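Trainee: I have a protein model to study and would like to learn how to read it. Could we go through it together?

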Amino acid sequence: MLVVVPDSEENIRVVVKQRMKALAIDLGCGGVTVDLLATVEAYPKPDDKIRSTSLKIQGGGNVGNALTCAARLGLNPRLISKIADDAQGRGILEELEADGIDTSFLVVSKEGNSPFTYVIVDNQTKTRTCIHTPGFPPMIPDDMSKSSLSSALNGVRLAYFDARLPDTALVVGHEAKRRSIPILIDAEKKREGLDELLNLSDYIVCSAKFPQASKLTILINCCLLNHEFSKIS
């Protein structure tokens with residue numbers, strides 16, 4: 001393991017940028033949304049009427065956030081996802097492209113709605129509550145042709161999945177595995193198809209509570225056991 005101790009704030013930025021480029025997230029498959037973030041002094045009780053102290057509207061979604069970070073650090077990541085041709089979808093597309101994300105493989109439905117999330121930010125407890133409305137129609141494997149999938153994976157060094165769009169994610173994941181492309185899974189919580197994706201993963205990022213509610217506990221225990229055996233041998 002390489003440990004680097006920067007000696008200034010500027011050097012910290014340089015080191016972080018270098019490490020992110022080394023990870024080289026070239027492709028992300030998952031959900032993008034519009035987030036409506038309302039900050040309140042305290043979370044409301046049932047039937048309360050309260051006022052927000054601030055309101056922001058911005059792009060969100062795990063894969064959207066991850067690829068935005070990668071793009072701002074100098075990469076040119078590609079996105080596999082789906083939105084609708086509505087005001088929210090056009091806003092999502094505009095923000096992604098402004099940050100330098102390749103949206104060539106983003107599917108745009110002529111009908112339906114793009115995903116969006118109400119986020120209530122509680123200043124008192126320093127927590128946030130998310131109320132998500134999924135996009136419709138959902139993305140399915142047939143939304144991408146084989147040639148499009150092949151182009152999306154061409155030259156990719158690391159593929160990122162947030163475990164949304166499960167059917168499509170599994171198709172992309174299996175093809176990435178066939179091409180020996182390392183796979184990073186963002187395991188925020190248990191989702192449909194996540195266990196199958198975990199079987200394909202090379203790297204897993206998760207919340208503190210997630211291993212207790214999933215097979216990841218078994219995977220972690222196996223890794224620890226293998227580590228102990230390696231020390232003995």
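Trainee: In which loop does S180 lie?

Mentor: Happy to help, and please keep in mind that this is a predicted model. Start from the helix α5, which covers residues 166-178, and then look for β9, which covers residues 183-187. S180 lies in the loop between α5 and β9.

Trainee: Is S180 buried or exposed?

Mentor: A residue counts as exposed when its relative accessible area is over 50%. S180 has 65% relative accessibility, so S180 counts as exposed.

Trainee: What is the phi of S180 near?

Mentor: Most residues other than glycine have a negative phi. S180 is a residue other than glycine, yet its phi is positive. The value is near 60°.

Trainee: And L165, is that residue buried or exposed?

Mentor: L165 is found in the loop between β8 (159-161) and α5 (166-178). Its phi is positive too, near 50°. Buried means under 20% relative accessible area. L165 has 18% relative accessibility, so L165 counts as buried.

Trainee: Which residue does a cis peptide bond join to F136?

Mentor: Most peptide bonds are trans. Here, omega is about -5° and the bond is cis. The partner lies in the loop between β7 (127-133) and α4 (146-153). That residue is P137.

Trainee: Now the sheet: which strands stand at the edges?

Mentor: The open sheet has four strands in the order β3-β2-β6-β7, with mixed pairing. A strand at the edge has a single partner, so one side of that strand is left without a neighbour in the sheet. The edge strands are β3 (54-60) and β7.

Trainee: By how much are neighbouring strands of this sheet turned against each other on average?

Mentor: Here direction is ignored, and the figure is an average over neighbouring strands of the sheet. The turn is 20°.

Trainee: Which residue in β3 stands opposite T33?

Mentor: Strand β2 covers residues 33-40. β2 and β3 pair in the antiparallel sense over seven bridges. Opposite T33 stands G60.

Trainee: Which helix packs on the sheet?

Mentor: Look for a helix that touches β2, β3 and β6 (116-122). Its direction makes about 95° with that of β2. This is α3, residues 87-98.

Trainee: Which residue in β7 stands opposite V119?

Mentor: β6 and β7 run antiparallel and are joined by seven bridges. They form a hairpin with four residues between them, and K126 in the turn has a positive phi of about 60°. Opposite V119 stands C130.

Trainee: How many disulfides are there?

Mentor: A disulfide needs a pair of cysteine sulfur atoms within 2.5 Å. Among the cysteines, C29 counts as buried at 1% relative accessibility, and C130 is partly exposed, at 42%. By the distance rule, the count of disulfides comes to zero.

Trainee: How many residues does the largest nonpolar core have?

Mentor: In soluble globular proteins, nonpolar side chains tend to be buried together. The residues with the most contacts inside this core are L27, I80, F161, V172, I185 and L197. β1 (27-29), α4, β8, α5, β9 and α6 (194-200) each give two or more residues to the core. The core has 27 residues.

Trainee: And how many residues are in the second core?

Mentor: This core is separate, and its members include V32, V34, L67 and I101. The count is 17 residues.

Terms used: Residues numbered from 1 in each chain as written. Predicted model: local features only at pLDDT ≥ 70, side-chain atom pairs only at ≥ 80, totals over all residues. Heavy atoms only, no water. Buried < 20%, exposed > 50% of the residue type's maximum accessible area, 1.4 Å probe, protein only. Core = buried A, V, L, I, M, F, W, Y, C linked by side-chain atoms within 4.5 Å. Pairing = 2+ DSSP bridges. Axes fitted to C-alpha atoms, helices over the stretch in contact; angles between N-to-C directions. Contact = heavy atoms within 4.5 Å.
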